[in-house]
Amino acid sequence: MKIVNRRNFILSASTVSAMSIFARFRKKDDIQKEGALSKITVGVISRADNPEVDLKIVSDMGFSACQLNVKDFSPELARRVKTTLEHLKIKPITLICMGPGTYIYNFIDGPATIGLVPREGREARVQRLLQGIDFCKAAGIPAVHAHFGFIPENPRDELYAEFVATMKKVGAYALDKKIDIYFETGQETPITLLRAITDIGTGNLYVNYDTANLVMYGKANPLDGLKILSRYVKSFHAKDGLYPTTPTELGKEVPIQKGEVDFPGIISYMKKQNFEGNFTIEYELSGSKKDYILHVKEYLEKLISA
């Protein structure tokens, strides 16, 4: 059983210390010229607890967009994040906002521990989300996003009704602040997520489409799922995985091009939908991440510019 209190994120001062690798990355201006015919961008997940250092790494690696992870919210940190993003000309995509408490990523304990569907810990997690929305407003981040849990497939399930009522309040609060909310795909089928977004109905609810999660949770083929959710998709997590092989554990995450996700097909489909969002590289496997990020960045940019 894998118990996770906080997700592992890609970039921090400790994970990217060898600054000499930056020479291998192309300049942001060059990338933007190549992608002039497409408004799809490639980003990365970054810590922002020390934004002057953390976001400088993002910029030096040639990324012009990122999703942010912050441990503790404060007005002073929001000011520093906003100033640093503007100085480095980095576009913030979302603030990843989860917790508090333990999330267990499997099929046995996940439904009772992840997101706002479980009653236990729900109120504390709502308060964390509201704080994250306030942080977004102060820092100039347009959206907050999270795993909201195993949304029940049965719309008459009591937990489904409670979840919708809870998210109506959170969604209305965010709408008042002009902040969007992105649902991270994974624990529910695409049609269930579509139903939830429709039933909550605050008008500021969208999808961060995690390509690998749909595979790893066994919920959908990612390309097929887009046909249901594409009009709500504002961003992607570029990640790959395998389908589950047991009834208790998720499928394995694997490097991009080693799993079931059809990235050429997905990018081609979204270009036909005139998608103008971001593919954010996410990688939670152990080992060196720098070379992998470089490889995936180049791979995605080639698909986008093709």
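These are my notes on the barrel and the aromatic contacts of a predicted model.

**Barrel**

I began with the strands. Eight of them make a closed barrel in the order β2-β3-β4-β6-β7-β8-β9-β12, and the pairing is parallel. I looked up the twist next, and from one strand to the next it averages 30 degrees. I then checked a helix against the sheet: α7, residues 190-200, packs on it and touches β7 (180-184) and β8 (205-210). The direction of α7 makes about 160 degrees with that of β8.

**Strand β12**

I wanted to see how β12 is held. Strand β9 (residues 233-238) pairs with β12 (residues 278-281) in the parallel sense, over four bridges. Strand β2 (residues 41-47) also pairs with β12 in the parallel sense, again over four bridges. Which residues sit across from Phe 279? I found Phe 236 as a bridge partner of Phe 279, and Val 42 standing opposite Phe 279 as well.

I also asked whether the faces of β12 are buried or exposed. Asn 278 and Thr 280 lie on one side, Phe 279 and Ile 281 on the other, and all four are buried. In a regular strand, side chains alternate between the two faces of the sheet.

**Aromatic pairs**

I noted 12 aromatic pairs in the structure. I took Phe 73 and Phe 135 as one to look at: the ring centres are 5.2 Å apart and the planes stand at 35 degrees, so I logged the pair as tilted. Why does this pair tie together parts that are apart in sequence? Phe 73 is in the loop between β3 (65-69) and α3 (75-88), while Phe 135 belongs to helix α5 (residues 122-139), so the parts joined are 62 residues apart in sequence. Phe 135 has 3% relative accessibility, and because the cut-off for buried is under 20%, I entered Phe 135 as buried.

I looked at Tyr 283 and Tyr 292 after that. Their rings are stacked, 3.9 Å centre to centre with 20 degrees between the planes. Both tyrosines, Tyr 283 and Tyr 292, are buried.

Back at the barrel, I found that Phe 236 and Phe 279 belong to one aromatic cluster with Tyr 209 and Phe 275.

**Charges over rings**

Last, I looked for charged ends placed over rings. The charged end of Lys 234 sits over the ring of Tyr 206, 4.6 Å from the ring centre. For Lys 297, I found the charged end over the ring of Phe 63, at 5.3 Å from the centre.

Terms used:
Residues numbered from 1 in each chain as written. Predicted model: local features only at pLDDT ≥ 70, side-chain atom pairs only at ≥ 80, totals over all residues. Heavy atoms only, no water. Pairing = 2+ DSSP bridges. Helix = DSSP H or I, 4+ residues; strand = E, 2+ residues; numbered from the N terminus. Axes fitted to C-alpha atoms, helices over the stretch in contact; angles between N-to-C directions. Contact = heavy atoms within 4.5 Å. Buried < 20%, exposed > 50% of the residue type's maximum accessible area, 1.4 Å probe, protein only. Phe/Tyr/Trp six-rings, centres within 6.5 Å; stacked < 30°, edge-to-face > 60°. Lys NZ or Arg CZ within 6 Å of the ring centre and 35° of its normal.
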